[in-house]
Structures are given as C-alpha cells and as structure tokens.
Amino acid sequence: MIEIENISKSFNGKMILDGISGNFEKGKPNLIIGASGTGKSVLLKCIVGLLKPDTGSVLYDGRDFYEGDRNLKIEIRREMGMLFQGSALFDSKNVEQNVMFPLDTLTKMSKEEKLDRVNFCLKRVGLENVNLKMPSEISGGMKKRVGIARAIVNNPQYLFCDEPNSGLDPQTSVLIDELIQDLSEDLDMTTIVVTHDMNSMMGIGEKIMFLYQGHKVWEGTKHDITRSGVRELDNFVFANKVMQSMRSAGTNF
Amino acid sequence: MITEIGKYFIFLRNLFVNRESFGTYYKLVLEESVSIGLGSLFLVALVATFMGAVTTVQTAFNMVSPLIPNFVISQVVREMTILELAPTIIAVIYAGKVGSSMAGGLGTMRITEQIDALEVMGINSVSYLVLPKIIASILMYPLLVIIAGVCALAGGYLVGTVTEIITPNDYVYGIRYAFNPFTVTFALIKSVVFAFLVASISSFQGYYTQGGALEVGVSSTKAVTNSVIAVLLSDYFLAQLLLGK
C-alpha cells in the first residue's frame with residue numbers, strides 16, 4: 001500500500017498541489033483523475049520521487065521515501081515500474097533490449113534467464129515476434145505495451161501509469177486498461193493510474209481520487225462517481241456528450 | 001550565472017555517486033568511443049589536412065626575405081599545428097559536432113521522459129548517461145588531435161611540394177629542426193582538458209533541457225557556445241601555466 005500525507009508542491013510561488021492525502025491499495029488500479037493542469041502528473045511525480053514535494057510524506061508499505069537515506073530510496077525505486085505518457089522507450093534500443101534493460105542493469109541473471117523473462121513479459125502484454133523491432137517501427141499502442149512489459153519485467157511491487165490511454169484509439173485503450181487491471185490483480189501490485197479518460201474511470205476505477213485545482217475534492221469508486229453531488233466532479237464527468245445524453249436518458253450508471 | 005556554475009559542479013559530483021557496475025560502464029564507454037572517435041574521424045582529418053595546407057601556403061606567402069631558409073615554413077607549420085591548430089581549432093570543430101550531438105541526445109531523452117524512466121528504475125541517470133561520454137571523450141579526443149596533427153603536416157607537405165613552395169627534403173628537415181618534444185606533451189594535456197570540458201559542458205546543457213523540441217535546439221547551441229568559451233579560456237590559462245615565463 002502507498003500512503004501519501006499532506007503533499008504540497010508549488011512552482012515559482014504558484015501552488016500546484018495543496019495538502020493532498022490519501023492511500024492507494026494493493027491488487028487493484030487506483031485512479032487519480034482530474035482535468036488537464038490540476039496537478040495529477042505532478043502528484044504522481046511527487047509519489048515516485050521525480051519531484052520533491054514542498055511538504056508531506058510518501059509511505060511505501062510503511063517506509064517513508066523522503067525521510068529515508070539514499071539506499072532506502074534506491075531500494076524502493078527498484079520495486080517500482082512506471083509506464084510513461086509517451087512510453088519513454090529508449091530510442092537506440094530495440095523492443096527486446098528495452099524490456100531487458102532493467103534486468104541488464106539491476107540483476108545478475110544469465111542471458112537465457114533474462115531472455116525468457118523478456119519473452120514472458122512481452123507475451124503477457126500480448127506482443128510476440130516484435131523483439132527486434134525498433135520503437136520507431138511500432139505503433140503507439142504497441143509502444144505502451146512494451147512500456148508495460150518493461151515496467152513489470154523486474155516483478156515490481158508498485159506500478160505507476162501516467163496517462164496510459166493518451167493518443168490511443170478507444171479499442172486499444174480498453175485493452176491497455178484491462179491489461180493494467182489484470183496485471184495489478186495477478187501480480188498483487190499497488191497500481192496508481194493518472195488519467196482523464198472517462199472509459200478508464202468507468203472501466204477500471206475501483207478506487208478513484210479526483211483532483212481539482214490542486215486539491216483533492218472527492219474520493220470513491222466508479223460506482224458512485226456519477227452521483228457524488230460534487231459540482232466540480234459532475235462538470236468533469238458530464239463534460240462528455242455521451243455521458244450527458246446518457247444522463248438525459250435516465251441511464252442508471 | 002553563478003547558480004549555473006554551482007549547478008554544473010553538483011552535476012559533476014553526481015557523476016560519481018551511486019555508480020553502476022564496472023561492466024556496465026565498460027560497454028557504454030566502448031559504444032561512446034566508437035561513436036565519438038570514428039564518427040569524428042573524417043571531419044577532423046579533412047579540416048586538419050586543409051588547415052595544414054593553408055598554413056603552409058600562407059606562411060610561404062609571408063616569408064619575403066631571401067635570407068630566411070625555406071625549411072622555416074615547415075617549422076612554423078609544425079609549431080602552429082602542434083601548439084594550437086590541432087588541439088584548439090579541432091576542439092572548436094569537436095564542440096560543434098560531438099558537443100551538440102551530446103546535448104541534443106540528452107535533451108531529447110529528457111523531454112521524452114527517458115531520463116525519468118532511468119531514475120524511476122533506481123539508476124543514477126547522470127552517472128549512467130554522462131560518465132561514459134566523458135571517459136570516451138577523454139580517451140578519443142587526444143587520439144583525434146594526434147591524427148589531426150599528422151594530417152595537417154601531411155596536408156602541408158602535399159601542397160608545399162606539389163606547388164613547389166618547398167622541396168620535400170626541406171619540408172622534412174624543417175619538421176625535424178629544433179623540435180621540442182614538450183610541445184607534444186603540452187598539446188596532449190590541452191586535449192585532455194578540452195575533451196573533458198566539451199563533454200561535461202555539453203552533457204550538462206542537454207541533461208537540464210526543459211520544454212520541447214525548440215529547447216533541445218537551444219541546449220545544443222548553448223552547449224557549443226559555452227564549450228567553445230571554456231576551451232578558449234582554458235587554452236589561455238594552460239598556455240600561461242605551462243609555457244609562460
């Protein structure tokens with residue numbers, strides 16, 4: 001489980017996150033949602049340690065990331081996997097080398113063991129026979145899958161996904177969402193997904209945190225997101241024409 | 001300005017903190033060495049050859065007194081090449097080619113979150129990405145300077161003898177006349193310092209790129225400008241320190 005307490009962050013005097021607290025549970029996707037510019041990605045970066053919050057703490061199964069020494073930080077980081085918005089695959093390496101990279105640098109596994117593990121992870125995300133392709137030769141959806149394979153190759157305890165559906169068609173988005181949900185359950189990881197995609201929220205939103213202008217405004221599940229009674233959340237959820245027409249038609253969400 | 005310099009020294013310190021295994025660096029240094037060394041060889045050889053040829057012609061043009069023997073032409077070419085043209089002028093070319101490439105590459109990695117990906121994996125990205133570049137640069141640039149020196153002297157010989165400015169015997173005699181081996185040591189010391197400056201300054205500019213494609217271009221330009229300024233300043237200080245009276 002990951003617990004965050006009173007996370008605040010400002011840039012050049014402008015408050016981006018203001019006292020965010022909450023916890024993210026194991027074995028299911030935990031969603032952080034909100035409109036663009038509300039601080040979702042900044043919060044995620046504070047959680048993984050890419051940005052240091054001005055105040056607050058982040059606890060990984062009780063271990064304080066920011067209070068710990070350098071070794072603890074490295075230990076926690078080596079238990080993390082992260083899927084970046086643009087996949088962040090290494091341009092100079094092919095798919096196999098990208099997925100194998102954490103094993104090459106962080107483990108002492110033999111070449112055969114590493115290759116087996118890479119092939120297993122690629123198969124797990126539905127990719128086969130693409131090992132020797134370069135990132136520039138595969139589609140956006142495939143890049144995301146390779147990014148997920150790289151994130152899980154080291155058996156992480158914590159998985160972070162920053163806008164996993166951005167730039168993908170609806171069908172591929174659903175596949176990626178399902179993959180994240182299945183992996184979280186199967187590997188019993190604490191997964192945090194930053195998104196503003198309504199399909200993701202209604203699909204895998206077992207636990208959702210809604211941010212508005214740097215504040216946590218609401219927390220709940222996909223089952224009660226449409227009847228929260230929070231004006232900011234309603235504006236966000238029903239900004240979509242499909243959701244508006246479903247509400248007009250009296251759909252029971 | 002002061003903040004930037006402070007940030008640069010913290011950046012240099014981070015090169016040696018939480019390093020990866022020796023084997024990891026060995027492979028990366030080899031890859032970088034091939035890229036830096038072989039990748040720059042043609043341009044360096046071309047520039048140096050023409051530099052030597054032009055220096056020969058211009059030195060001959062300026063030697064109007066019949067009292068000065070012809071072999072002085074190649075003696076002047078030798079001194080200019082070893083002391084200044086090969087290490088310093090080639091460093092400017094090197095900053096333009098290798099430095100901008102380093103800054104561009106790291107800048108692109110930064111804006112596409114590849115550096116963040118390394119950090120999240122628990123890898124010290126400064127050490128992993130930059131240290132091999134600096135080591136490879138320090139290993140390769142002195143070799144490039146030696147090759148540049150040879151090419152410049154060969155270029156001078158070729159042009160000098162073909163255009164009958166100087167006879168082959170005079171050229172070779174001038175090259176060997178009153179040769180002080182310390183000039184070569186001095187050139188190699190300079191080349192190590194320049195290699196370090198170009199690689200570290202360019203990597204620093206690229207590593208801290210913020211924004212998008214436009215900023216990557218700005219970082220590359222700043223990398224070249226700052227590297228060239230650092231090279232010229234250190235050139236003066238080294239000359240004063242090692243050759244000054």
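**Helices, sheets and the contact between chains A and B**

In this predicted model, helix α3 of chain B, residues 71–111, contains 41 residues and extends 56 Å from its first C-alpha to its last, close to the 60 Å expected at 1.5 Å a residue. The helix is nevertheless bent: at T81(B), α3(B) changes direction by about 55 degrees. Just after α3(B), the residue E113(B) adopts a positive phi of about 65 degrees, although E113(B) is not a glycine. This residue is placed in the loop between α3 and α4 (114–120) of chain B. A residue is classed as buried if 20 or more other C-beta atoms lie within 10 Å of its own; E113(B) has 20 C-beta neighbours inside 10 Å and therefore counts as buried.

Chain A comprises nine helices and ten strands. Its radius of gyration is 19 Å, close to the 18 Å that the globule rule gives for 253 residues, so chain A is as compact as a globular protein of that length. The C-alpha trace of chain A spans about 55 × 45 × 35 Å along its principal axes. Of the 253 residues in this chain, 42% count as buried. Contacts in chain A between residues at least 6 apart in sequence were also examined, and 66% of them join residues at least 24 apart.

Within chain A, four strands form an open sheet in the order β2-β1-β4-β5, with antiparallel pairing. The edges of this sheet are occupied by β2 (14–24) and β5 (63–64) of chain A; each has a single partner strand, so one side of each is left without a neighbour in the sheet. Strand β1 (residues 2–11) of chain A runs antiparallel to β4 (residues 55–60) of chain A, and five bridges join the two. In this pairing, E5(A) is found opposite S57(A) in β4(A). In a regular strand, side chains alternate between the two faces of the sheet.

Another antiparallel pair in chain A consists of β9 (residues 207–212) and β10 (residues 215–220), which are likewise joined by five bridges. Here I208(A) stands opposite G220(A) in β10(A). The strands β9(A) and β10(A) form a hairpin with two residues between them, and Q213(A) in the turn has a positive phi of about 45 degrees.

A positive phi also occurs at D188(A), where the angle is about 50 degrees although the residue is not a glycine. The loop that contains D188(A) connects α6 (170–186) with β8 (190–195) of chain A. With 11 C-beta neighbours inside 10 Å, D188(A) falls within the limit of 12 or fewer and therefore counts as exposed. The loop residue E113(B), by contrast, counts as buried.

The contact between the chains draws 15 residues from chain A and 13 residues from chain B. On the side of chain A that touches chain B, at least two residues are supplied by each of α2 (70–77), β6 (80–83) and α3 (95–106) of chain A. Classified by residue type, this side of chain A has ten nonpolar, two polar and three charged residues.

How values were computed:
Residues numbered from 1 in each chain as written. Chains lettered and ligands numbered in written order. Predicted model: local features only at pLDDT ≥ 70, side-chain atom pairs only at ≥ 80, totals over all residues. Expected span 1.5 Å × (residues − 1). Bend = angle between axes of the 7 residues up to and from the residue. Rg over C-alpha atoms; globule rule 2.2 N^0.38 Å. Contact = placed C-beta atoms within 7 Å. Nonpolar A, V, L, I, M, F, W, Y, C, P; charged D, E, K, R; others polar. Pairing = 2+ DSSP bridges.
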